[in-house]
Amino acid sequence: MSPTRRTLIASGAVLGSLTLAGCQDRFAPTANGSGADSLGEESIETVETDCGTPDDEHARADRDGNTVTLSGVLVTSNPCHEAVLVEYSLTDGELSVDIDAVSTLDEGEVCIECVGAISYEATIEVDPDAVVARVRLNHVPGETFTIPSP
């Protein structure tokens with residue numbers, strides 16, 4: 001017996017849902033390191049995307065109580081990207097954070113041809129007693145910034 005149109009449509013919907021469900025966890029950030037229990041909630045927001053130059057890449061870290069705020073600019077192949085927090089850890093007083101950029105384009109879409117400058121702001125909650133002597137902020141791929149105690 002050959003499948004009906006209804007069966008094929010339902011099968012496609014199920015497969016599509018399973019495929020998308022796998023993508024949602026693909027960029028879920030991971031907390032690890034000996035100080036992982038000193039780390040709490042995190043967030044990241046792409047503030048702006050524009051054309052730029054490789055010289056635009058920079059990073060900054062500030063701490064206000066138990067919140068460490070990271071901001072900067074990722075340089076990408078084009079401005080059609082968003083920033084994602086990949087991994088973070090607190091080990092021996094060093095908060096290490098990896099931030100990457102992923103394309104916002106769907107298959108077959110095109111973007112303006114220029115170097116992308118992706119501005120972001122991220123926050124990571126830390127235990128108020130946690131010592132954060134420095135922040136190592138890694139733009140994947142790109143520069144790594146070591147910032148003294150925020």
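These legends describe close-up views of a predicted model.

**View 1. The protein chain holds one helix and nine strands.**
The helix comes at the start: from the N terminus on, the elements run α-β-β-β-β-β-β-β-β-β. The chain has 150 residues, and 33% of them are buried. Among contacts with a separation of 6 or more, 74% link residues 24 or more positions apart. The protein chain exposes about 9,000 Å². Carbon and sulfur atoms supply 50% of that area.

**View 2. Four strands form an open sheet.**
The strand order is β2-β7-β4-β3. Pairing is antiparallel. Strands β2 (39-51) and β3 (58-64) are the edges of this sheet. Each edge strand pairs on one side only. On average, neighbouring strands of the sheet are turned by 15 degrees against each other, direction ignored.

**View 3. Strands β4 and β7 pair within the sheet.**
Strand β4 covers residues 67-76, and strand β7 covers residues 116-126. The two run antiparallel. They are joined by 10 bridges. One residue pair to pick out is S71 and E121: the bridge partner of S71 in β7 is E121.

**View 4. The largest nonpolar core has 25 residues.**
Six residues touch the most other members: L70, L95, V97, I99, V135 and L137. Several strands contribute to this core. Those giving two or more residues are β3, β4, β5 (81-91), β6 (94-103), β7, β8 (134-140) and β9 (144-148). Strand β7 provides the largest share, with five residues. Strand β7 also belongs to the open sheet of View 2, where the order places β7 between β2 and β4. Strands β3 and β4 likewise appear both in that sheet and among the elements that give two or more residues to the core.

**View 5. D92 sits in the loop between β5 and β6.**
Strand β5 spans residues 81-91, and strand β6 spans residues 94-103. The backbone at D92 has a positive phi of about 50 degrees. D92 is not a glycine. Is D92 buried or exposed? D92 counts as exposed because its relative accessible area is 69%, and the cut-off for exposed is over 50%. The strands on either side of this loop, β5 and β6, each give two or more residues to the largest nonpolar core.

Conventions:
Residues numbered from 1 in each chain as written. Predicted model: local features only at pLDDT ≥ 70, side-chain atom pairs only at ≥ 80, totals over all residues. Heavy atoms only, no water. Pairing = 2+ DSSP bridges. Axes fitted to C-alpha atoms, helices over the stretch in contact; angles between N-to-C directions. Core = buried A, V, L, I, M, F, W, Y, C linked by side-chain atoms within 4.5 Å. Buried < 20%, exposed > 50% of the residue type's maximum accessible area, 1.4 Å probe, protein only. Contact = heavy atoms within 4.5 Å. Areas by Shrake-Rupley, 256 points an atom, 1.4 Å probe, with all protein chains shown as cover.
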